[in-house]
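Work through the exercises below with the sequence and the 3D view open beside you. Try each task before you read its solution.

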Amino acid sequence: MEANNDIKCVGVVGTGVIGASWTAYFLARGFDVSSTDPMPGAEAKLREAVCRHWPSMEKMGLAEGASLERLRFSANLAEALAGVDFVQENGPEREDLKVALFRDMDALLPEQVILASSSSGLLMSLVQGACTHPERVILGHPFNPPHMIPLVEVIGGALTSSETIERTMAFYSAIGKRPIHALKEVKGHIANRLQAALWREAFYLVDQGVATVADIDTAIAYGPGLRWALIGPFLNLHLSGGEGGIGHVLDHLGPPIESWWADLGTPAITEELKQKICAGVDELLTGRDQALLAPTRDALLLGLVEAKAGTTLP
Ligand SMILES: NC(=O)c1ccc[n+]([C@@H]2O[C@H](COP(=O)([O-])OP(=O)(O)OC[C@H]3O[C@@H](n4cnc5c(N)ncnc54)[C@H](O)[C@@H]3O)[C@@H](O)[C@H]2O)c1
């Protein structure tokens with residue numbers, strides 16, 4: 001979990017929601033962080049966000065030498081990138097902007113420095129197009145908030161080298177992340193596609209009047225969601241099969257599952273459905289202090305991540 005040998009200083013490019021969260025994480029893991037963002041007032045906003053995240057970082061445990069003092073900022077890209085050993089890019093999710101940004105970063109940095117993008121949906125094959133060294137461009141997609149959620153999805157573009165993929169996987173693992181390597185580029189990567197599949201049916205069930213927004217949230221948060229946070233959908237299925245494991249489940253429940261798949265909906269997010277969902281969320285929150293929602297969730301999340309780290313769960 002300590003800063004590994006060849007990477008001492010991480011460049012964080014774009015310091016909005018995701019960049020600030022990554023910054024807190026890299027600082028907590030004992031790196032120097034050199035950050036940049038062209039927005040006026042970005043530095044103050046970044047420092048305020050990192051201070052806000054720091055108590056969580058302290059609870060998770062700081063690496064030796066970790067300090068808020070090791071954050072530097074420059075609104076100038078070249079100045080900020082001087083001397084960095086790894087870049088985590090978090091600029092706006094626009095293809096033209098990322099292509100230009102990666103071209104500029106590529107021109108500024110020695111070829112062994114990996115350029116990783118947090119992009120939620122852009123393909124690195126397109127983003128790396130204007131670079132002289134496209135082989136060091138890679139996706140390192142975190143889950144919000146990256147200072148708490150271990151998952152990082154690593155995906156190379158058509159021109160990314162296998163060495164870059166290996167070094168990126170090793171880097172994220174060494175700093176306590178749980179990277180997974182997707183072998184092909186697909187829209188939305190992996191975890192967001194899985195979420196999208198669930199949201200599609202959740203929206204459909206509300207649209208069809210089968211369940212309320214509150215009941216759907218209860219169904220997940222007090223049902224399968226509790227298990228999914230501990231082990232994934234395949235292992236849960238395996239445990240459902242008793243001694244016969246997942247093979248037995250698929251023999252036994254495969255045909256009904258296929259018939260449910262055939263029945264799933266594909267709703268359109270019409271104005272009417274949007275209003276129904278928003279009204280359902282308002283109703284769910286009636287009488288609750290909304291300001292407590294995110295801090296309560298995040299405190300529990302921290303406890304859960306810590307508790308899992310002390311087990312043999314995969
Ligand atoms: N928000 C999420 O839940 C989430 C999760 C995972 C990944 N991501 C990805 O992370 C990236 C950033 O998303 P965000 O939610 O932090 O957005 P954001 O709007 O909060 O932050 C983007 C930042 O980029 C800055 N910026 C604008 N032009 C720039 C440039 N030329 N160079 C550097 N910085 C520039 C902006 O000033 C802003 O501070 C996106 O690619 C997004 O897809 C977002």
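## Exercise 1: exposed or buried

Leu-239 has a relative accessibility of 60% and therefore counts as exposed, where exposed means over 50% relative accessible area, buried under 20%, and partly exposed in between, with a 1.4 Å probe and protein chains only. The model is a predicted one, in which local features need pLDDT of at least 70 and side-chain atom pairs count only at pLDDT 80 or more, while totals for chains, interfaces and linings use all residues. Residues are numbered from 1 along each chain as its sequence is written, and side-chain values use heavy atoms, with hydrogens and water left out.

Task: place Leu-239 in its element, and then decide whether Gln-290 and Ser-35 are buried or exposed.

Solution. Begin with Leu-239, which belongs to helix 10, residues 233-240; helices (H or I, at least four residues) and strands (E, at least two) are DSSP runs, numbered from the N terminus. The C-alpha atoms of Leu-239 and Arg-178 are separated by 23 Å, and these two residues are 61 residues apart along the chain.

Next comes Gln-290, which sits in the loop between helix 12 and helix 13 (293-309). Its relative accessibility is 55%, so Gln-290 counts as exposed. From Gln-290 to Val-87 the C-alpha distance is 36 Å, with their positions 203 residues apart in sequence.

Last is Ser-35, a residue of strand 2 (residues 32-36). Ser-35 has a relative accessible area of 0%, and it is therefore buried. Once residues up to four places away in sequence are set aside, Ser-35 touches several residues, including Val-12, Leu-46, Phe-73 and Ala-80, where contact means heavy atoms within 4.5 Å.

## Exercise 2: residues in loops

Task: for Gly-265, Ser-119 and His-189, find which loop holds each residue, and then list what Gly-265 and Ser-119 are in contact with.

Solution. Gly-265 is found in the loop that runs between helix 11 (245-263) and helix 12 (271-285). With a relative accessible area of 4%, Gly-265 is buried. Apart from neighbours within four places in sequence, Gly-265 is in contact with Arg-200, Glu-201 and Tyr-204. Asp-207 is 58 residues away from Gly-265 in sequence, and their C-alpha atoms are 9.7 Å apart.

Ser-119 is placed in the loop between strand 5 (114-117) and helix 5 (124-127), and at 1% relative accessibility Ser-119 counts as buried. The side chain of Ser-119 reaches the backbone nitrogen of Leu-122 at 2.8 Å. Leaving out neighbours within four places in sequence, the contacts of Ser-119 are Glu-93, Lys-98, Met-124, Leu-139, His-141 and His-189.

His-189 is itself in the loop between strand 8 (178-181) and helix 7 (191-207), and at 2% relative accessibility His-189 counts as buried. The phi angle of His-189 is near 55°, a positive value in a residue other than glycine.

## Exercise 3: a cis peptide bond

Task: look at the bond from Asn-144 to Pro-145 and decide whether this peptide bond is cis or trans.

Solution. Omega is near -5° for the peptide bond from Asn-144 to Pro-145, and this bond is cis. Pro-145 is in the loop between strand 6 and strand 7 (151-156).

## Exercise 4: the ligand and its shell

Task: describe which residues surround the ligand and how many there are.

Solution. The ligand is surrounded by 20 residues, and the closest are Ile-18, Asp-37, Glu-93, Lys-98 and Ser-120; a residue is near a molecule if one of its heavy atoms lies within 4 Å of it. By class, eight residues of the shell are nonpolar, nine are polar and three are charged. Helix 1 (17-28), helix 4 (95-108) and strand 6 (137-142) each supply at least two residues of this shell.

Now turn to the oxygen atoms of the ligand. One oxygen atom of the ligand is 2.9 Å from a polar backbone atom of Ile-18. At 2.8 Å, an N or O atom in the side chain of Lys-98 faces an oxygen atom of the ligand, and a polar side-chain atom of Ser-120 also lies 2.8 Å from a ligand oxygen atom. The protein covers 73% of the 830 Å² of accessible area that the ligand has on its own.

Note on methods: A polar contact is a pair of N or O atoms within 3.5 Å; within protein, one must be able to donate a hydrogen and the other to accept it, and residues adjacent in sequence count only if both atoms are side-chain atoms. Accessible areas come from the Shrake-Rupley method with a 1.4 Å probe; for residues, only the protein chains shown count as cover. Ala, Val, Leu, Ile, Met, Phe, Trp, Tyr, Cys and Pro count as nonpolar, Asp, Glu, Lys and Arg as charged, and the others, Gly among them, as polar.
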